Amino acid sequence: MYKKVVLTALCVLSLGLSAPVSTEAGGLAGVIAAGVQGAQQYKQVTKEIDMIDTVYRNEYCEKIKGEVGVNYEWQANQQLNNIFARLNPIVAKYDPTVYERPYNYFVNNETSFNAFCTMGHNFSVNIGAFNALNYQEDEMAFVVGHELSHGTHNHVLNGAKKSIGMQTALAMVAAGGNLTGSIMTNFASNYAQAKWVTLPQEKVADKDSFTYCSEAGYNVGAGAAVWQRVLDHSTKATGNMLALNDHPKTENRRDTNSDYMTEYSNKMVVVDKKTGEIFVNKVKIGVANAGNGQSARERTYFVAGNLAKVYHANAAARPEPYIYNGGLYLGDYYIMSLAYGDNGNAWVNNLKLANKGK
């Protein structure tokens, strides 16, 4: 009780109120009065946080750029432009505010595998993420889509309000003098704090990312492939993603994205969680060989994603499989290259069996 009284009094004095209320130990009325004044100030702080999300969002973006730097590497920036051109119209269906506040997005200089979407529709991808994913656009799109979901649902904005608490908010006011400037500086230094986003929100973001990317025409197996790649290449570049306690486990993220792919395929295409083998209509089809800088299982998810696209659009028709010019096709749909030693004839025969099933 004594600590609470002293802290409340300190907060009131730090705000320079003209007539601070007595909050001596035992003075319950004083504590209540000071608490009311503190609550009013907290309300003002949250109002200012909302202004960072709207009025001062561009200034906030510049502060973040000052923290992480801006990377102008051509390929990374071009790929991010391409992804936003495809995803932004999809995201706008779920978050029309992107028309009022278009995303400020840029590539930053951080070398770890990460990306973030913070308040004010401010978004950035680490150059390290492009390197970790070997500039694979379908995989990068799933990373971007995940973060855009946080923007759609205001996860960081709402989490920041809850996280800072009244005590922290008032302390920032006392230290900074200028309310907005103090808060903005603090948030710019903590733009990507995972503690502002909860585990359930991370799961929502993964699901939304699948929705965005599938509607934008990206390979629906790429979401699972991202996390398979993280498992395959767990190094200093990717290890931080594996260590986040408030993110789902990497294996679970891979398998959940694979389940989304199965649902998308009208439950026709399944990748076995243990063996990594593709099944179509309950018939074992195969595992793709390693190639194109991808492990066998990472590449298998891309093949499965192409198959899922076929059965999403043609569950009843089931196009005929065939080999043409070194590639495997189902009807008009490209499935995979056979350049890495895959047995095309075996894939064709297995897919024909799958098509004969119920």
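The exercises below, each with a worked solution, deal with a predicted model.

**Exercise 1. Overall make-up**

Determine how many helices and strands the protein has, and what share of its residues count as buried.

*Solution.* Start with the secondary structure, which comes to 15 helices and nine strands. Next take the accessibility of the residues: of the 358 residues of the protein, 52% count as buried. Then turn to the contacts between residues at least 6 apart in sequence, among which 68% join residues at least 24 apart.

**Exercise 2. Strand β1 and Phe 106**

Describe how far strand β1 is covered, which strand pairs with it, and what surrounds Phe 106.

*Solution.* First, strand β1 spans residues 104-108, and four of its five residues are buried, so that the strand is described as mostly covered under the cut-off of 20% relative accessible area. Second, β1 pairs with strand β3, residues 122-126, in the parallel sense and over five bridges. Within this pairing, Tyr 105 has Phe 123 of β3 as its bridge partner.

Third, Phe 106 itself lies in strand β1, and this residue counts as buried because its relative accessibility is 6%. Leaving aside neighbours within four places in sequence, the contacts of Phe 106 include Phe 123, Ser 124 and Val 125, and also Cys 61, Ile 64, Lys 65, Val 68, Gly 69, Val 70 and Leu 80. Of these partners, Cys 61 stands 45 residues from Phe 106 in sequence, while the two C-alpha atoms are 9.8 Å apart in space. Cys 61 also counts as buried, because its relative accessibility is 3%.

**Exercise 3. Cysteines and disulfides**

State how many disulfides are counted, and decide whether Cys 213 is buried or exposed.

*Solution.* The count of disulfides, taken with a cut-off of 2.5 Å between cysteine sulfur atoms, comes to zero. As for Cys 213, its relative accessibility is 0%, and therefore this residue counts as buried.

**Exercise 4. The largest cavity**

Find the volume of the largest cavity, the elements that supply its lining, and the character of the lining residues.

*Solution.* Begin with the number of cavities: the structure holds one of 30 Å³ or more. The space in the largest cavity is about 60 Å³. Continue with the lining, which includes Asp 53, Cys 117, Thr 118, Met 119, Gly 120 and His 121, together with His 150, Gly 151, Asn 154, His 155, Val 156 and Leu 157.

Now assign the lining to elements: β2 (115-118), α7 (137-152) and α8 (155-176) each supply at least two residues, and α8 gives the most, with three. Finally, sort the lining by residue type, which yields four nonpolar, seven polar and one charged.

**Exercise 5. Asn 292, Asn 325 and the second largest pocket**

Locate Asn 292 and Asn 325, give the backbone phi of each, and describe the pocket that Asn 292 helps to line.

*Solution.* The background to the first step is that most residues other than glycine have a negative phi. Asn 292, which is not a glycine, has a positive phi near 60 degrees, and its place is in the loop between β6 (283-286) and α14. With a relative accessibility of 53%, which is over the 50% cut-off, Asn 292 therefore counts as exposed.

Asn 325 likewise has a positive phi, about 50 degrees, although it is not a glycine, and it is found in the loop between β7 and β8 (327-330). Asn 325 is exposed because its relative accessible area is 73%.

For the pocket, the second largest one has a volume of about 240 Å³ and is lined by 13 residues, of which Asn 292, Gln 294, Arg 299, Phe 302 and Tyr 334 lie nearest its centre. The elements that give two or more residues to this lining are α14 and β9 (333-337). By residue type, the lining of the second largest pocket divides into six nonpolar, six polar and one charged.

**Exercise 6. The setting of Pro 319**

Establish where Pro 319 lies, whether it is buried or exposed, and which residues it contacts.

*Solution.* Pro 319 is placed in the loop between α14 (296-313) and β7 (321-324). Its relative accessibility is 14%, and so Pro 319 counts as buried. Apart from neighbours within four places in sequence, Pro 319 contacts Val 310, Asn 314, Leu 330, Gly 331 and Asn 355. Lastly, Asp 332 lies 13 residues from Pro 319 along the chain, and 8.1 Å separates their C-alpha atoms.

Note on methods
Residues are numbered from 1 along each chain as its sequence is written. This is a predicted model: local features need pLDDT of at least 70, side-chain atom pairs count only at pLDDT 80 or more; totals for chains, interfaces and linings use all residues. Side-chain values use heavy atoms; hydrogens and water are left out. On a 1 Å grid over the protein atoms alone, a cavity is a set of points where a 1.4 Å probe fits but cannot get out, and a pocket is an open set with protein on both sides within 12 Å along at least five of seven lines; lining residues have an atom within 4 Å of a point. Grid points are joined across faces, edges and corners, and a volume is the space filled by probe spheres set on the points. Ala, Val, Leu, Ile, Met, Phe, Trp, Tyr, Cys and Pro count as nonpolar, Asp, Glu, Lys and Arg as charged, and the others, Gly among them, as polar. Buried means under 20% relative accessible area, exposed over 50%, partly exposed in between (1.4 Å probe, protein chains only). Contact means heavy atoms within 4.5 Å. Two strands pair if DSSP finds at least two bridges between them.
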